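Visitor: I'd like to walk through this protein chain with someone who can explain it step by step. Could you show it to me?

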Amino acid sequence: MNAHRGEAAISGIAAAIGEPARVRMLYSLLDGHARTSTELAVVGEVSPSTASVHLNRLRNERLIKVVQQGKHRYYSLEGPEVANALEALDVIAGGSRA
């Protein structure tokens, strides 16, 4: 049964990454800098309200984390494993590691 839970988790992560706007947001965080939802909306080429929905999806799949400072929220990758996975997907897709 654990295998089925693992498969479901992988499917959820893949579906979250599978949306082009979310991919753009995730790749913009690869540099290690945290960004606001407004900045990520611009990167994702979506409205701020749509960006909020996308960011919640990415948080639910534990791909990003959020830190609140005053009235601002800053989003960053959950950890190096996420960065490694994104870079590996880029290589598979024919991109480069740079």
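Visitor: Is R62 buried or exposed?
Guide: This is a predicted model, so keep in mind that we're reading a computed picture. R62 sits in the loop between α4 and β1. The cut-off for exposed is over 50% relative accessible area. R62 has 64% relative accessibility, so R62 counts as exposed.

Visitor: What is the phi of R62 near?
Guide: Most residues other than glycine have a negative phi. R62 isn't a glycine, yet its phi is positive. The value for R62 is near 60°.

Visitor: Which residue in the loop between α3 and α4 has a positive phi although it is not a glycine?
Guide: That loop follows α3, which covers 37–44, and leads to α4. The residue there has a positive phi of about 60°. At 64% relative accessibility, this residue counts as exposed. The name you want is E45.

Visitor: Okay, let's zoom out. In what order do the elements of the chain run?
Guide: First the inventory: the chain has five helices and two strands. Strand β1 takes residues 64–69, and strand β2 takes residues 72–77. Read from the N terminus on, the order is α-α-α-α-β-β-α.

Visitor: How many bridges pair β1 with β2?
Guide: The two strands form a hairpin with two residues between them, and G70 in the turn has a positive phi of about 65°. Along the pairing, I64 stands opposite L77 in β2. The strands pair in the antiparallel sense, and the number of bridges is six.

Visitor: Where does R35 sit, and is R35 buried or exposed?
Guide: Look in the loop between α2 and α3 for R35. Buried means under 20% relative accessible area. R35 has 17%, so R35 counts as buried.

Visitor: Which backbone oxygen lies 2.7 Å from a polar atom of the side chain of R35?
Guide: The side chain of R35 has a couple of backbone oxygens to check. At 3.1 Å, the R35 side chain reaches the backbone oxygen of H33. Leaving out residues up to four places away in sequence, R35 touches residues including L40, R73, Y74 and S28. The 2.7 Å partner is the backbone oxygen of S28.

Visitor: Within what arc do the buried residues of α2 fall?
Guide: Helix α2 spans residues 20–28, and its buried residues are A21, R22, M25, L26 and S28. Looking down the axis of α2, you'd find them lining one face of the helix, because they fall within an arc of 165°.

Visitor: Which residue at the start of α2 has a side-chain oxygen within 3.1 Å of the backbone nitrogen of A21?
Guide: Start from A21, which is one of the buried residues in α2. Its backbone nitrogen is what the side-chain oxygen reaches towards. The residue supplying that oxygen is E19.

Visitor: What is the relative accessibility of A51?
Guide: A51 belongs to helix α4, residues 48–60. Not counting residues up to four places away in sequence, A51 touches M25, S37, A41 and V46. A51 counts as buried, because its relative accessibility is 0%.

Visitor: Last one: what radius of gyration does the chain have?
Guide: The C-alpha atoms fill a box of roughly 40 × 35 × 25 Å along the principal axes. With 98 residues, a compact globule would have a radius of gyration near 13 Å. The chain's own value agrees with that, at 14 Å.

Key
Residues numbered from 1 in each chain as written. Predicted model: local features only at pLDDT ≥ 70, side-chain atom pairs only at ≥ 80, totals over all residues. Heavy atoms only, no water. Helix = DSSP H or I, 4+ residues; strand = E, 2+ residues; numbered from the N terminus. Buried < 20%, exposed > 50% of the residue type's maximum accessible area, 1.4 Å probe, protein only. Contact = heavy atoms within 4.5 Å. Arc of directions from axis to C-beta. Polar contact = N/O pair within 3.5 Å; in protein donor to acceptor, adjacent residues only side chain to side chain. Rg over C-alpha atoms; globule rule 2.2 N^0.38 Å. Pairing = 2+ DSSP bridges.
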